Amino acid sequence: MADRLDEPWWETPEGTKRSSPALSDNEEECANTNETIQQTSSSTLISSKKRKKPTECFLNVEKEKSKDEKEIEMKPKRKRKKKISDLLTETVPKPGVPADVQKMLNEHFGAKRSVIELEELKLPDSCFLPANDLTHSFTSYLKEICPKWAKLRKNHTEKSSVVMLVICGSALRCLELIRSMATFKGDGKVMKLFAKHLKIQEQMQMLEKEVVHVGVGTPGRIKALIQQEGLKLTSLKYFILDWNHRDQKLRRLIDIPEIKKETIDLLEMELIKLCRNGSVKLGLF
(Lines give C-alpha, C1' and ligand atoms only; values in the text may rest on other atoms or scores of the structure.)
Protein backbone atom coordinates (compact mmCIF):
# COMPACT_ATOMS: atom_id res chain seq x y z
CA MET A 1 0.00 0.00 0.00
CA ALA A 2 1.17 3.49 -0.71
CA ASP A 3 1.77 6.04 1.99
CA ARG A 4 -0.64 8.79 2.34
CA LEU A 5 0.57 12.18 1.57
CA ASP A 6 -1.19 13.80 4.48
CA GLU A 7 0.54 11.50 7.08
CA PRO A 8 3.87 12.72 8.51
CA TRP A 9 6.59 10.47 7.22
CA TRP A 10 8.96 11.06 10.10
CA GLU A 11 6.63 9.54 12.67
CA THR A 12 6.76 5.80 13.05
CA PRO A 13 3.68 3.84 13.45
CA GLU A 14 2.93 2.07 16.65
CA GLY A 15 3.97 -1.55 16.90
CA THR A 16 7.10 -1.07 14.84
CA LYS A 17 10.63 -0.96 16.36
CA ARG A 18 13.35 1.44 15.41
CA SER A 19 16.71 0.00 14.36
CA SER A 20 18.76 2.87 15.87
CA PRO A 21 18.40 1.89 19.56
CA ALA A 22 19.76 -1.60 18.77
CA LEU A 23 22.83 -0.01 17.24
CA SER A 24 23.36 2.24 20.26
CA ASP A 25 23.28 -0.79 22.55
CA ASN A 26 26.12 -2.39 20.61
CA GLU A 27 28.05 0.82 20.77
CA GLU A 28 27.53 0.96 24.52
CA GLU A 29 28.84 -2.60 24.89
CA CYS A 30 31.89 -1.73 22.83
CA ALA A 31 32.47 1.38 24.90
CA ASN A 32 32.17 -0.65 28.07
CA THR A 33 34.70 -3.19 26.85
CA ASN A 34 37.06 -0.39 25.83
CA GLU A 35 36.74 1.13 29.27
CA THR A 36 37.48 -2.18 30.94
CA ILE A 37 40.50 -2.68 28.68
CA GLN A 38 41.72 0.81 29.51
CA GLN A 39 41.19 0.20 33.22
CA THR A 40 43.03 -3.10 33.12
CA SER A 41 45.89 -1.59 31.09
CA SER A 42 46.12 1.38 33.42
CA SER A 43 46.05 -0.93 36.41
CA THR A 44 48.84 -3.05 34.93
CA LEU A 45 50.86 0.08 34.21
CA ILE A 46 50.33 1.30 37.75
CA SER A 47 51.22 -2.08 39.18
CA SER A 48 54.31 -2.29 36.97
CA LYS A 49 55.34 1.19 38.10
CA LYS A 50 54.85 0.14 41.70
CA ARG A 51 56.98 -2.96 41.13
CA LYS A 52 59.80 -0.98 39.56
CA LYS A 53 60.21 1.27 42.60
CA PRO A 54 61.71 -1.33 44.96
CA THR A 55 64.04 -2.55 42.21
CA GLU A 56 65.29 0.99 41.75
CA CYS A 57 65.92 1.28 45.51
CA PHE A 58 67.74 -2.02 45.50
CA LEU A 59 69.95 -0.87 42.65
CA ASN A 60 70.72 2.35 44.52
CA VAL A 61 71.82 0.36 47.55
CA GLU A 62 74.10 -1.72 45.36
CA LYS A 63 75.59 1.42 43.90
CA GLU A 64 76.24 2.80 47.39
CA LYS A 65 77.89 -0.46 48.41
CA SER A 66 80.05 -0.43 45.35
CA LYS A 67 81.18 3.10 46.23
CA ASP A 68 82.13 1.98 49.74
CA GLU A 69 84.03 -0.95 48.33
CA LYS A 70 85.86 1.36 45.96
CA GLU A 71 86.80 3.63 48.87
CA ILE A 72 88.14 0.63 50.78
CA GLU A 73 90.12 -0.49 47.75
CA MET A 74 91.53 3.01 47.30
CA LYS A 75 92.94 3.06 50.89
CA PRO A 76 96.71 2.49 50.88
CA LYS A 77 97.79 -0.90 52.25
CA ARG A 78 100.41 -1.09 54.96
CA LYS A 79 103.71 -2.30 53.69
CA ARG A 80 104.89 -5.52 55.31
CA LYS A 81 108.28 -5.24 56.91
CA LYS A 82 110.84 -7.38 55.21
CA LYS A 83 112.21 -10.23 57.28
CA ILE A 84 115.82 -11.37 57.30
CA SER A 85 114.78 -14.46 55.36
CA ASP A 86 113.28 -12.23 52.63
CA LEU A 87 116.47 -10.19 52.39
CA LEU A 88 118.60 -13.32 52.17
CA THR A 89 116.53 -14.65 49.28
CA GLU A 90 117.02 -11.36 47.43
CA THR A 91 120.75 -11.02 48.13
CA VAL A 92 123.63 -13.42 48.59
CA PRO A 93 125.00 -13.35 52.18
CA LYS A 94 128.45 -11.78 52.42
CA PRO A 95 131.15 -12.76 54.94
CA GLY A 96 131.93 -10.37 57.74
CA VAL A 97 134.86 -7.98 57.33
CA PRO A 98 136.63 -5.62 59.80
CA ALA A 99 134.67 -2.65 58.42
CA ASP A 100 131.43 -4.28 59.67
CA VAL A 101 132.72 -4.27 63.26
CA GLN A 102 133.74 -0.64 63.03
CA LYS A 103 130.36 0.26 61.52
CA MET A 104 128.57 -1.47 64.41
CA LEU A 105 130.59 0.52 66.95
CA ASN A 106 130.03 3.82 65.15
CA GLU A 107 126.28 3.29 64.93
CA HIS A 108 126.09 2.47 68.63
CA PHE A 109 128.35 5.22 70.00
CA GLY A 110 128.00 7.84 67.26
CA ALA A 111 125.43 10.07 69.02
CA LYS A 112 126.70 9.38 72.57
CA ARG A 113 130.44 10.05 72.38
CA SER A 114 132.60 12.95 71.40
CA VAL A 115 134.94 12.95 68.43
CA ILE A 116 137.97 12.21 70.65
CA GLU A 117 136.20 9.30 72.34
CA LEU A 118 135.17 7.86 68.97
CA GLU A 119 138.80 7.97 67.85
CA GLU A 120 139.72 5.80 70.83
CA LEU A 121 137.11 3.23 69.73
CA LYS A 122 138.53 2.84 66.23
CA LEU A 123 140.07 -0.52 65.38
CA PRO A 124 142.76 -0.41 62.66
CA ASP A 125 143.13 -3.31 60.24
CA SER A 126 146.23 -4.48 62.10
CA CYS A 127 143.97 -5.49 65.01
CA PHE A 128 142.17 -8.10 62.93
CA LEU A 129 142.99 -11.67 61.93
CA PRO A 130 142.11 -12.96 58.45
CA ALA A 131 138.30 -13.21 58.27
CA ASN A 132 136.42 -16.37 57.35
CA ASP A 133 135.40 -16.31 53.67
CA LEU A 134 132.56 -18.83 54.36
CA THR A 135 134.68 -21.74 53.07
CA HIS A 136 136.31 -22.75 56.37
CA SER A 137 135.16 -25.12 59.07
CA PHE A 138 135.86 -23.93 62.60
CA THR A 139 138.86 -26.24 62.99
CA SER A 140 140.40 -25.22 59.67
CA TYR A 141 139.89 -21.55 60.50
CA LEU A 142 141.61 -21.92 63.89
CA LYS A 143 144.54 -23.71 62.30
CA GLU A 144 144.96 -20.88 59.80
CA ILE A 145 144.88 -18.01 62.30
CA CYS A 146 146.82 -19.82 65.03
CA PRO A 147 149.48 -22.08 63.47
CA LYS A 148 151.59 -22.14 66.70
CA TRP A 149 148.78 -23.33 68.95
CA ALA A 150 150.74 -26.29 70.40
CA LYS A 151 153.46 -23.93 71.69
CA LEU A 152 150.96 -21.46 73.15
CA ARG A 153 149.09 -24.28 74.85
CA LYS A 154 152.23 -25.59 76.59
CA ASN A 155 153.41 -22.16 77.71
CA HIS A 156 150.06 -21.16 79.22
CA THR A 157 150.08 -21.87 82.99
CA GLU A 158 148.07 -18.96 84.44
CA LYS A 159 144.78 -19.75 86.17
CA SER A 160 141.58 -17.68 85.91
CA SER A 161 142.59 -16.73 82.37
CA VAL A 162 142.45 -18.16 78.84
CA VAL A 163 144.49 -17.87 75.66
CA MET A 164 141.46 -17.76 73.36
CA LEU A 165 137.89 -16.48 73.81
CA VAL A 166 135.14 -17.49 71.37
CA ILE A 167 131.88 -15.45 71.47
CA CYS A 168 128.65 -17.09 70.28
CA GLY A 169 125.01 -16.01 70.18
CA SER A 170 123.57 -18.98 72.12
CA ALA A 171 124.52 -21.89 74.36
CA LEU A 172 123.62 -24.41 71.67
CA ARG A 173 126.02 -22.77 69.25
CA CYS A 174 128.74 -22.85 71.92
CA LEU A 175 128.32 -26.61 72.33
CA GLU A 176 128.45 -27.06 68.56
CA LEU A 177 131.75 -25.21 68.26
CA ILE A 178 133.27 -27.02 71.26
CA ARG A 179 132.54 -30.36 69.61
CA SER A 180 133.93 -29.21 66.26
CA MET A 181 137.27 -28.05 67.71
CA ALA A 182 138.12 -31.41 69.31
CA THR A 183 140.94 -32.08 66.85
CA PHE A 184 142.39 -28.57 67.17
CA LYS A 185 142.58 -28.21 70.96
CA GLY A 186 144.72 -31.32 71.53
CA ASP A 187 145.55 -31.50 75.24
CA GLY A 188 144.14 -28.03 75.84
CA LYS A 189 141.28 -27.45 78.26
CA VAL A 190 138.08 -25.94 76.84
CA MET A 191 135.47 -24.45 79.20
CA LYS A 192 131.82 -23.54 78.70
CA LEU A 193 131.21 -19.92 79.60
CA PHE A 194 127.47 -19.46 79.15
CA ALA A 195 124.58 -19.11 81.59
CA LYS A 196 122.35 -22.03 80.60
CA HIS A 197 122.32 -24.63 83.45
CA LEU A 198 125.65 -23.23 84.74
CA LYS A 199 126.03 -20.95 87.77
CA ILE A 200 128.57 -18.17 87.62
CA GLN A 201 130.04 -19.10 91.04
CA GLU A 202 130.79 -22.64 89.83
CA GLN A 203 132.49 -21.29 86.70
CA MET A 204 134.62 -18.93 88.79
CA GLN A 205 135.71 -21.82 91.04
CA MET A 206 136.66 -23.99 88.04
CA LEU A 207 138.73 -21.17 86.54
CA GLU A 208 140.60 -20.77 89.83
CA LYS A 209 141.34 -24.50 90.19
CA GLU A 210 142.33 -25.49 86.63
CA VAL A 211 144.36 -24.05 83.78
CA VAL A 212 141.90 -23.33 80.94
CA HIS A 213 143.15 -22.64 77.43
CA VAL A 214 139.94 -21.83 75.50
CA GLY A 215 136.73 -20.27 76.74
CA VAL A 216 133.59 -20.58 74.57
CA GLY A 217 130.53 -18.66 75.73
CA THR A 218 127.98 -15.90 75.34
CA PRO A 219 128.95 -12.23 75.70
CA GLY A 220 126.66 -11.63 78.69
CA ARG A 221 128.20 -14.33 80.87
CA ILE A 222 131.79 -13.53 79.85
CA LYS A 223 131.18 -9.86 80.63
CA ALA A 224 129.83 -10.81 84.07
CA LEU A 225 132.87 -13.03 84.79
CA ILE A 226 135.25 -10.17 83.91
CA GLN A 227 133.30 -7.70 86.06
CA GLN A 228 133.41 -10.08 89.05
CA GLU A 229 137.14 -10.74 88.45
CA GLY A 230 136.50 -14.42 87.85
CA LEU A 231 138.12 -14.16 84.41
CA LYS A 232 141.28 -12.21 83.66
CA LEU A 233 142.44 -11.03 80.23
CA THR A 234 146.19 -10.96 80.95
CA SER A 235 146.94 -14.15 78.95
CA LEU A 236 144.40 -13.54 76.18
CA LYS A 237 145.80 -13.63 72.63
CA TYR A 238 142.79 -14.39 70.38
CA PHE A 239 139.26 -12.99 70.54
CA ILE A 240 136.98 -14.73 68.01
CA LEU A 241 133.45 -13.54 67.12
CA ASP A 242 131.12 -16.13 65.60
CA TRP A 243 130.05 -13.44 63.15
CA ASN A 244 128.72 -15.28 60.09
CA HIS A 245 126.67 -18.02 61.78
CA ARG A 246 122.87 -17.79 61.44
CA ASP A 247 120.36 -19.47 63.74
CA GLN A 248 117.05 -21.11 62.79
CA LYS A 249 115.51 -17.67 62.21
CA LEU A 250 118.50 -16.75 59.99
CA ARG A 251 119.75 -14.18 62.51
CA ARG A 252 123.42 -13.47 63.04
CA LEU A 253 125.00 -12.58 66.35
CA ILE A 254 124.60 -8.87 65.62
CA ASP A 255 121.00 -9.25 64.44
CA ILE A 256 119.79 -10.10 67.98
CA PRO A 257 119.54 -6.77 69.88
CA GLU A 258 120.44 -8.13 73.33
CA ILE A 259 123.43 -10.13 72.09
CA LYS A 260 124.62 -7.22 69.98
CA LYS A 261 124.54 -4.82 72.93
CA GLU A 262 126.34 -7.26 75.22
CA THR A 263 129.00 -7.83 72.56
CA ILE A 264 129.59 -4.08 72.21
CA ASP A 265 129.78 -3.69 76.01
CA LEU A 266 132.31 -6.53 76.17
CA LEU A 267 134.47 -4.91 73.49
CA GLU A 268 134.30 -1.55 75.23
CA MET A 269 135.41 -2.90 78.63
CA GLU A 270 139.05 -3.72 77.81
CA LEU A 271 139.18 -5.58 74.53
CA ILE A 272 139.31 -2.56 72.21
CA LYS A 273 142.20 -1.19 74.23
CA LEU A 274 144.03 -4.55 74.16
CA CYS A 275 143.48 -4.84 70.40
CA ARG A 276 144.82 -1.34 69.79
CA ASN A 277 147.90 -2.16 71.89
CA GLY A 278 148.54 -5.24 69.77
CA SER A 279 148.37 -7.83 72.56
CA VAL A 280 145.03 -9.30 71.34
CA LYS A 281 143.94 -10.15 67.79
CA LEU A 282 140.30 -10.08 66.75
CA GLY A 283 138.91 -12.67 64.34
CA LEU A 284 135.57 -12.99 62.51
CA PHE A 285 134.47 -16.56 61.88
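Tutor: A residue counts as buried when its relative accessible area is under 20%, and we apply that cut-off here to a predicted model.

Student: What makes tryptophan 149 buried rather than exposed?

Tutor: Tryptophan 149 has a relative accessible area of 3%, and the limit for buried is under 20%, so tryptophan 149 is buried. Phenylalanine 184, with a relative accessible area of 7%, is therefore buried by that criterion.

Student: Why is the pair of phenylalanine 138 and phenylalanine 285 called edge-to-face?

Tutor: Rings pair if their centres lie within 6.5 Å, and planes over 60 degrees apart count as edge-to-face; here the centres are 5.1 Å apart and the planes stand at 65 degrees, so the pair is edge-to-face. Phenylalanine 138 lies in helix α5 and phenylalanine 285 in the segment after β5, 147 residues apart, and the pair thus links distant parts of the chain.

Student: Why, then, is the pair of tryptophan 149 and phenylalanine 184 called stacked?

Tutor: Planes under 30 degrees apart count as stacked, and because these two rings have their planes at 25 degrees, with centres 5.2 Å apart, the pair is stacked. Tryptophan 149 belongs to helix α6 and phenylalanine 184 to helix α8, 35 residues apart.

Student: How do you know that strands β1 and β3 are paired?

Tutor: Pairing requires at least two bridges between the strands, and 4 bridges join β1 (residues 164–167) to β3 (residues 214–217), so the two are paired, and they run parallel.

Student: What makes β2 and β5 edge strands?

Tutor: In the open sheet the order is β2-β3-β1-β4-β5; β2 and β5 each have a single partner strand, so one side of each is left without a neighbour in the sheet.

Key. Residues are numbered from 1 along each chain as its sequence is written. This is a predicted model: local features need pLDDT of at least 70, side-chain atom pairs count only at pLDDT 80 or more; totals for chains, interfaces and linings use all residues. Side-chain values use heavy atoms; hydrogens and water are left out. Rings of Phe, Tyr and Trp (its six-membered ring) pair if their centres lie within 6.5 Å; planes under 30 degrees apart count as stacked, over 60 as edge-to-face and the rest as tilted. Buried means under 20% relative accessible area, exposed over 50%, partly exposed in between (1.4 Å probe, protein chains only).
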